[in-house]
Amino acid sequence: MTHEALFKMAAEPLEPVREGIRKRSLILGSGLKADEIFFYAGIATTAHAHPLEQAAYTVSGEFEVTLGSDLRTVGPGDAYSIPAGLDHAVRCLKEGSYLLITALAGTSAADDHGHGHDHGHDHDHHHDHGHAH
């Protein structure tokens, strides 16, 4: 028996999210989703919130992250939590990527609408989540 579907290889092409943002879907389990989100410098998301808790770990580059009213600059090795319902936004200062982890909290993967992080769309998700952030 093979478990090929459990592996995601770095050679797989990145999926476009919107101009300046791409992603690599890494893990989609029954309770966990993980994507690596790639930004070009100067690209930003608009403030938005999601009903699911998330966390992000910066892999490379530099990002300005707004969580509620708190603004911080993060770089490789820095991580942050995004509580469910908290307005947040990301602006890429130096091209890079971050690992976005979403706790699916009992929802099915189908509820995610295939994009995990809204990356700048101005709308509420009644499911889902934003984080290309």
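This dialogue goes through strands, the nonpolar core, salt bridges and a surface patch in a predicted model.

Q: What kind of model is this, and how are its residues numbered?
A: The model is predicted, so local features need pLDDT of at least 70 and side-chain atom pairs count only at pLDDT 80 or more, whereas totals for chains, interfaces and linings use all residues. Residues are numbered from 1 along each chain as its sequence is written, and side-chain values use heavy atoms, with hydrogens and water left out.

Q: Which strands pair with S7 in the antiparallel sense, and over how many bridges?
A: Strands are DSSP runs (E, at least two residues) numbered from the N terminus, and two of them pair if DSSP finds at least two bridges between them. Here S7 (residues 88-103) is joined to S3 (residues 32-39) by 8 bridges, with Glu 36 standing opposite Leu 99. S7 also pairs with S4 (residues 54-67) over 12 bridges, and there Glu 62 has Lys 94 as its bridge partner.

Q: Which residues of the largest nonpolar core touch the most other members?
A: A nonpolar core is a set of buried Ala, Val, Leu, Ile, Met, Phe, Trp, Tyr and Cys residues joined through side-chain atoms within 4.5 Å, where buried means under 20% relative accessible area, exposed over 50%, and partly exposed in between (1.4 Å probe, protein chains only). In this core of 14 residues, Phe 39, Phe 63, Tyr 80, Val 90 and Tyr 98 touch the most other members. The elements giving two or more residues are S3, S4, S6 (79-82) and S7, and S7 gives the most, with 4 residues.

Q: How many salt bridges are there, and what does the one between Glu 36 and Arg 24 tie together?
A: A salt bridge is a side-chain nitrogen of Lys or Arg within 4 Å of a carboxyl oxygen of Asp or Glu, and the count comes to 4. In one of them, the side chains of Glu 36 and Arg 24 meet at 3.9 Å, N to O; because Glu 36 lies in S3 and Arg 24 in S2 (residues 21-28), the pair ties together parts that are 12 residues apart in sequence. Glu 36 is buried, at 14% relative accessible area, and Arg 24 is buried at 15%.

Q: Which residues form the nonpolar patch on the surface?
A: Nonpolar side chains (Val, Leu, Ile, Met, Phe, Trp, Tyr) are joined into a patch within 5 Å, and like charges within 9 Å, if their residues have over 30% relative accessible area and no salt bridge. Leu 6, Phe 7 and Met 9 form such a patch, with about 360 Å² of accessible area together (Shrake-Rupley method, 1.4 Å probe, with only the protein chains shown counting as cover for residues). Met 9 is partly exposed, at 47% relative accessibility.
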